[in-house]
Amino acid sequence: MEQRNLLLAIVLSVGILIGFQYLFEKIRPPAPPPSPAVPTQTAPATPAPAPGTTTPRTAAPGTAPGAPSATSATPAPAVETREEAIAEQPRVRINTPRLHGSVALTGGRIDDLTLATYHETVDPKSPEVVLLWPNGTKEPYFAEFGWVAGASGIKVPGPDTRWTASGGPLTPSGPLTLTWDNGAGLVFTRTISVDENYMFTVRDAVRNSGTAPVNLLPYALISRTGTPQVGG
């Protein structure tokens with residue numbers, strides 16, 4: 001009895017498959033007719049230049065004659081080495097038991113820092129591990145500080161401001177003070193100190209000698225470009 005039911009189920013399944021295939025072929029939509037071929041136009045041959053003459057360049061479609069072509073891309077700005085970026089602006093040296101580097105007076109940023117007790121290899125004479133890189137290098141990595149004015153027309157220090165330093169080098173026992181006068185009654189002061197390990201403290205202040213009140217907001221940020229290479 002069970003074998004007969006199984007055989008009957010197989011026969012019905014095969015019949016359903018065959019019937020479905022037959023009906024599908026009947027209702028399948030016809031294929032669209034092929035589109036007529038579009039005749040191609042051949043550009044007229046360019047006559048050869050006469051001896052002693054040069055062939056003028058043909059502007060790309062949509063560009064004015066004489067305009068630079070898309071293929072003549074503007075060369076990318078040259079990337080400085082770390083040593084070049086450090087040497088091109090005045091700095092105040094950082095010297096602690098665990099850190100070496102410098103503070104850039106342009107922008108008053110901390111962008112040059114190496115780990116004094118960590119080297120690239122087990123050889124103690126190998127280069128120190130670099131932590132911070134100046135702006136202008138391939139992958140800059142630095143700490144920046146500044147002010148945002150609450151109203152237009154107020155001059156505040158920015159990334160290109162040249163600060164004046166008093167003191168230096170920056171050591172655990174000797175903080176560094178930077179000042180900048182905006183020439184309109186505001187004198188900005190930045191005091192940078194560091195402990196014997198890795199902790200920096202940056203204190204920004206401003207003195208208003210004018211008669212009108214000024215609304216300012218300080219900011220601090222760590223800027224990093226690129227992805228560091230890691231060993232998995």
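Select Ser126 to begin the tour of this predicted model. Ser126 is buried, because its relative accessible area is 11%, and the cut-off for a buried residue is under 20%. Its place in the fold is the loop that runs between strand β3, residues 109-119, and strand β4. Display the side chain of Ser126 and follow it to the backbone oxygen of Asp123, which lies at 2.7 Å. Then show the surroundings of Ser126: beyond its neighbours within four places in sequence, the residues in contact with it are His119, Glu120 and Thr121.

**The whole chain**

Next, switch to a cartoon of the full protein. Two helices and 10 strands should appear. Traced from the N terminus, both helices come before the strands, in the order α-α-β-β-β-β-β-β-β-β-β-β. The protein has 232 residues, of which 24% count as buried. If a surface is drawn, about 16800 Å² of the protein is exposed, and carbon and sulfur atoms supply 61% of that area. Of the contacts between residues at least 6 apart in sequence, 49% join residues at least 24 apart.

**Ser102 and its partners**

Select Ser102, in strand β2, which spans residues 99-104. Is this residue buried or exposed? Ser102 counts as buried, since its relative accessibility is 6% and the limit is under 20%. Two polar contacts can be drawn from its side chain. One goes to the side chain of Arg91, at 3.2 Å; the other goes to the side chain of Asp112, at 2.7 Å. With residues up to four places away in sequence left out, Ser102 touches Arg91, Val92, Arg93, Ile94, Asp111 and Asp112. Arg91 and Asp112 are thus found both in this set and among the polar partners of the Ser102 side chain.

**The largest pocket**

Now move to the largest pocket, which holds about 330 Å³ of space. Which of its lining residues should be selected to find the centre? The pocket is lined by 16 residues, and those closest to its centre are Val130, Trp133, Glu139, Arg224 and Pro228. Colour strand β4, residues 128-132, as well: this strand gives the largest share of the lining, three residues. Colouring the lining by class will show seven nonpolar, five polar and four charged residues.

**A cis peptide bond**

Go next to Gly168 and Pro169. The peptide bond that joins these two residues is cis, with omega about 0°. To place Pro169 in the fold, look at the loop between β6, residues 164-166, and β7, residues 176-181.

**Glu196**

For the last stop, select Glu196, in the loop between β8, residues 186-194, and β9, residues 200-208. Glu196 is partly exposed because its relative accessible area is 45%, a value between the limits of 20% and 50%. Which residues does Glu196 touch, apart from those up to four places away in sequence? They are Pro97, Arg98 and Pro172. Draw a distance from the C-alpha of Glu196 to the C-alpha of Pro172: the two residues are 24 apart in sequence, and the C-alpha atoms are 5.5 Å apart in space.

How values were computed. Residues are numbered from 1 along each chain as its sequence is written. This is a predicted model: local features need pLDDT of at least 70, side-chain atom pairs count only at pLDDT 80 or more; totals for chains, interfaces and linings use all residues. Side-chain values use heavy atoms; hydrogens and water are left out. Helices (H or I, at least four residues) and strands (E, at least two) are DSSP runs, numbered from the N terminus. Buried means under 20% relative accessible area, exposed over 50%, partly exposed in between (1.4 Å probe, protein chains only). Contact means heavy atoms within 4.5 Å. Accessible areas come from the Shrake-Rupley method with a 1.4 Å probe; for residues, only the protein chains shown count as cover. On a 1 Å grid over the protein atoms alone, a cavity is a set of points where a 1.4 Å probe fits but cannot get out, and a pocket is an open set with protein on both sides within 12 Å along at least five of seven lines; lining residues have an atom within 4 Å of a point. Grid points are joined across faces, edges and corners, and a volume is the space filled by probe spheres set on the points. Ala, Val, Leu, Ile, Met, Phe, Trp, Tyr, Cys and Pro count as nonpolar, Asp, Glu, Lys and Arg as charged, and the others, Gly among them, as polar. A polar contact is a pair of N or O atoms within 3.5 Å; within protein, one must be able to donate a hydrogen and the other to accept it, and residues adjacent in sequence count only if both atoms are side-chain atoms.
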